[in-house]
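Hello,

Here is the structure I promised to pass on to you. Have a look at it first, and then read on for what turned up when I went through it.

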Amino acid sequence: MDFASQVESALDNQQFYLVYQPQIDFNTGRLKGVEALIRWQHPTKGMISPVEFIRVAELTGLIVPLGKWVMRTACAQAAAWRDHPVLGQIEISVNVSALQLQSGTLVEDILGILAETGLSPHRLVVELTESAFVQDDGENARIMRSLKSAGIKLAIDDFGTGYSCLSYLRDIPGDYLKVDRSFVLELPGHNKAEAVIQAIVSLGKSLDYRIIAEGIENQAQADFLQRIGCDIAQGFLFARPMEADALQLWSSSPH
Ligand code: G
Ligand code: G
Ligand code: MN
Ligand code: NA
């Protein structure tokens, strides 16, 4: 069976599952939200990274049903946490591929899933990688505005790596800017990486974005990012992506 067919049958055979990585408010230390991340437990090959199969799913169009599965599973999970004192309040971020935007039904798909699961749109953040805005003829920005007017929040992921024209930051109603991990990796002490991050933070803030730094692995990185005004922290220093049960335990124990 070729790889694309394996992705397709994995969806039918429930080999995919989601893990959730905490995002912490730098100022309050509280849990702000979680990012849902897909995992594939292959029956013979073991764990396969999304880096390997998302691209194949995009090339074959399978990303549309797969992305819908991710959205439905994440929203159903967030809705199921309704009565949990911490997890009942937080936002859930879901990665959406640029190719899902081109399906033409993204907005109605998401609204349908929210209605079906009963999750409030204010609890959902759509994460879209910056490269989705390269060569956007305006259609993607229009989709973003429809999501926004439904009350859904928007994060621009992998910011700083997409070679896109910065003017889109002004044209789309984004809520969060996620500084790409590759910049955080070089902190602290690399003057140029520090300068780039500071520029991203100040640009983002002046356009009313909240800044999320991802890939924070040590305290020195966290201290630097907090000092220059990042709002939200995500990374192994704080917590790894976890399955729902583990997240529930984590959120009710001191950390
Ligand atoms: O979690 P991990 O670091 O293995 O993820 C690797 C890459 O896969 C990241 O770029 C992440 O954005 C992407 N990814 C993880 N889950 C999803 C998903 O549900 N949908 C899409 N489109 N990308 C995902
Ligand atoms: O592209 P995107 O931002 O969606 O990718 C998020 C990915 O980054 C997740 O797959 C997650 O597993 C990974 N990740 C999260 N925190 C860290 C970290 O501190 N270090 C590294 N190396 N990867 C991380
Ligand atoms: Mn992401
Ligand atoms: Na990212």
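**Around the ligands**

Helix α2 gives the largest share of the shell around ligand 1, three residues. Please keep in mind throughout that this is a predicted model. The residues surrounding ligand 1 are L37, I38, S49, P50, V51, I54, V70, N95 and S97. Two elements, β2 (31-42) and α2 (50-60), each give two or more residues to that shell. What classes of residue make up the shell around ligand 1? Six are nonpolar, three are polar and none is charged.

Ligand 2 has 14 residues around it, and L37, G215, E217, G235 and F236 come nearest. By class, this shell holds four nonpolar, five polar and five charged residues. You will notice that L37 is listed for ligand 1 and also for ligand 2.

**The chain as a whole**

The chain contains eleven helices and nine strands. Along the principal axes, its C-alpha atoms fill a box of roughly 50 × 45 × 35 Å. A compact globule of 255 residues would have a radius of gyration near 18 Å, and the chain agrees with this because its own value is 18 Å. Of the contacts between residues at least 6 apart in sequence, 65% join residues that are at least 24 apart. As for burial, 38% of the 255 residues count as buried.

**The nonpolar core**

In soluble globular proteins, nonpolar side chains tend to be buried together. Here the largest nonpolar core has 69 residues, and the members that touch the most others are A74, V94, L124, V126, V179 and A213. Helix α3 (residues 63-80) supplies the largest share of this core, eight residues.

If you want to look at one of these core residues by itself, try A213. Leaving aside residues up to four places away in sequence, A213 touches V179, V184, L225, C230, A233 and Q234. V179 is thus a partner of A213 and is also listed with A213 among the core members that touch the most others.

**Strands around β2**

Strand β2 is a good one to follow on screen, as it pairs with β1, β3 and β4. Nine bridges join β2 to β1 (residues 16-25), and these two strands run antiparallel. One of the pairs is P22 with V34 in β2. The hairpin of β1 and β2 has five residues between the strands, and G29 takes a positive phi near 75° there.

With β3 (residues 46-48), strand β2 shares three bridges, again in an antiparallel arrangement. Q41 has M47 in β3 as its bridge partner, and three residues lie between the two strands of this hairpin.

Which way do β2 and β4 run, parallel or antiparallel? They run parallel, joined by four bridges. A36 stands opposite V94 in β4, and V94 is one of the core residues that touch the most other members.

**One residue on the outside**

Is P85 buried or exposed? P85 counts as exposed, because there are 9 C-beta neighbours inside 10 Å and the cut-off for exposed is 12 or fewer. P85 lies in the loop between α3 and β4 (91-96). From C-alpha to C-alpha, P85 is 27 Å from G215, and the two are 130 residues apart in sequence. G215 is one of the residues that come nearest to ligand 2.

Happy to go through any of this with you.

Best wishes

Notes. Residues are numbered from 1 along each chain as its sequence is written. Chains are lettered from A and ligands numbered from 1 in the order in which they are written. This is a predicted model: local features need pLDDT of at least 70, side-chain atom pairs count only at pLDDT 80 or more; totals for chains, interfaces and linings use all residues. A nonpolar core is a set of buried Ala, Val, Leu, Ile, Met, Phe, Trp, Tyr and Cys residues joined through C-beta atoms within 7 Å. A residue is buried if 20 or more other C-beta atoms lie within 10 Å of its own, exposed if 12 or fewer, and partly exposed in between; C-beta atoms are placed from the backbone. Two residues are in contact if their C-beta atoms, placed from the backbone, lie within 7 Å. The radius of gyration is taken over C-alpha atoms; the globule rule is 2.2 Å times the number of residues to the power 0.38. A residue is near a molecule or strand if its C-beta atom, placed from the backbone, lies within 6 Å of it. Ala, Val, Leu, Ile, Met, Phe, Trp, Tyr, Cys and Pro count as nonpolar, Asp, Glu, Lys and Arg as charged, and the others, Gly among them, as polar. Two strands pair if DSSP finds at least two bridges between them.
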